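Me: I have a structure open and would like to talk through it slowly. Could you help me read it?

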Amino acid sequence: MAALALALARAQPLRRGPACLGRPLLREAGGAAARRGAGGSEVLGKSFKRGVVLSAGSFLVYETYRLFSHFAEVHASFKVEEVIEQADYLYGSGETEKLYRLLVQHKNSEDAELLWRLARASRDLAQLSSTSTEEKKQLVYEALEYAKKALEKNESNFAAHKWYAICISDVGDYEGIKAKIANAFVIKEHFQKAIELNPKDATSIHLMGIWCYSFAEMPWYQRKIAAMLFATPPTSTYKEALHYFHMAEEADPNFYSKNLLFLGKTYLKLNNKKMALLWLSKAKEYPAHTEEDKQVHKEALELLNSI
């Protein structure tokens, strides 16, 4: 745009030339202008034409650059969408390693949608039984970096907030009880922000419920440590946890076997056996598509047999 403006500015005096060379200027020049006659007009005409040609040329260069830039942006956008489509297909198919290999090629991307998916893929790869202890730790920290970058690129992306919170929680397993408790405040903040940005995302709501449940059942010795380390340590109740688990179910009924399980477990903590039986039965009957579903089925059955 600056090049175009400069070209137009230079051309303007030439376009104004014939109009400006009016009577006052002819009077100052006396008969000189008359003696130049047609020759002077020809010089002015050529100068005017050169200005117009320069202006038109600069404009064409600018327009070509603008169109090329637009094409590049559209092409890049299509490429990102294509990668995301492939990534979502692989995620839905449970192809964790292929998904990670696809997305890690784009680790320097500026797109938050790609980056939070890479954080999720890194974390999922870390969770595989075939991943070594050393590799798992490396992937957990990598996942946090990708989630952090996604958040930096787009603070309005609810999934970036959600996965940032999840990844901070994972890193806490390597950094001790003090860091884990300190991180709890940050985790809660980002889960709440994710829910605020997308109130229909059942997973974020469920995870907020897990946060509440975890602090409601915190052992006494951990509470004592937390009280020593922080003036106001994180706390919650089973009722708060129950609220979020029900919210998640309302947002997306029957979306996750673990939400059904925790509804049953929370009702047990609140000594409501009737409702506990209802939700634990639903968890037991949930189709076991994943390894986690199988674990949920086993735990639900054990709890049902203990009631």
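Reply: Gladly, and one term is needed before we start: contact here means that heavy atoms lie within 4.5 Å of each other. Please also keep in mind that this is a predicted model.

Me: Okay, so which helices do the buried residues of H11 pack against?
Reply: The buried residues of H11 pack against helix H8 (176-197) and helix H9 (202-216), and also against helix H12 (257-269) and helix H13 (273-285).

Me: And which residues of H11 are buried?
Reply: In H11 the buried residues are Tyr238, Ala241, Leu242, Tyr244, Phe245, Ala248 and Glu249. Seen down the axis of H11, these buried residues fall within an arc of 165°, so they line one face of the helix.

Me: What exposed residues sit on the face of H11 turned away from its buried side?
Reply: That face carries Lys239 and Glu250, which are exposed.

Me: What span should H11 have, and how far apart are its end C-alpha atoms?
Reply: Helix H11 has 14 residues, running from 238 to 251, and at 1.5 Å a residue it should span 20 Å; the C-alpha atoms at its ends are 20 Å apart, which agrees with that expectation.

Me: Switching to the surface, which residues form the nonpolar patch?
Reply: The patch on the surface is formed by Ile177, Trp220, Tyr221, Ile225, Met228 and Leu229, and together they have about 640 Å² of accessible area.

Me: Which helix gives the most to it?
Reply: Helix H10, residues 220-229, gives the most to the nonpolar patch, with 5 residues. Leu229 has its place in helix H10, and because its relative accessible area is 35%, Leu229 counts as partly exposed.

Me: Now the charged pairs: how many salt bridges are there?
Reply: The count comes to 9 salt bridges. As a general point, side chains of opposite charge can pair when their charged atoms come close.

Me: Where do Glu110 and Lys153 sit?
Reply: Glu110 forms a salt bridge with Lys153, and the closest N and O atoms are 2.6 Å apart. This pair links distant parts of the chain, since Glu110 is in the loop between helix H4 (96-104) and helix H5 (112-127), while Lys153 is in helix H6 (residues 133-153), 43 residues apart. Glu110 is exposed, with a relative accessible area of 55%, whereas Lys153, at 37%, counts as partly exposed.

Me: And what is the partner of Asp170?
Reply: Asp170 forms a salt bridge with Arg123, with the closest N and O atoms 2.4 Å apart. Here too distant parts of the chain are linked, with Asp170 in helix H7 (residues 158-172) and Arg123 in helix H5, 47 residues apart.

Me: Is Asp170 buried or exposed?
Reply: Asp170 counts as buried because its relative accessibility is 12%, and the cut-off for buried is under 20%. Its partner Arg123 has 21% and therefore counts as partly exposed.

Me: What about Glu299, which residue does that pair with?
Reply: Glu299 forms a salt bridge with Lys265, the closest N and O atoms being 3.0 Å apart. That pair links helix H14 (residues 291-306), where Glu299 is, to helix H12, where Lys265 is, and the two residues are 34 residues apart. Lys265 is buried, with a relative accessible area of 17%.

Me: Which residues do salt bridges that share partners join into one network?
Reply: Asp88, Glu113 and Arg117 are joined into one network by salt bridges that share partners.

Conventions
Residues are numbered from 1 along each chain as its sequence is written. This is a predicted model: local features need pLDDT of at least 70, side-chain atom pairs count only at pLDDT 80 or more; totals for chains, interfaces and linings use all residues. Side-chain values use heavy atoms; hydrogens and water are left out. Helices (H or I, at least four residues) and strands (E, at least two) are DSSP runs, numbered from the N terminus. The expected span of a helix is 1.5 Å times one less than its number of residues. Buried means under 20% relative accessible area, exposed over 50%, partly exposed in between (1.4 Å probe, protein chains only). The arc is that of the directions from the helix axis to the C-beta atoms. Patches are made of residues with over 30% relative accessible area and no salt bridge: like charges are joined within 9 Å, nonpolar side chains (Val, Leu, Ile, Met, Phe, Trp, Tyr) within 5 Å. Accessible areas come from the Shrake-Rupley method with a 1.4 Å probe; for residues, only the protein chains shown count as cover. A salt bridge is a side-chain nitrogen of Lys or Arg within 4 Å of a carboxyl oxygen of Asp or Glu.
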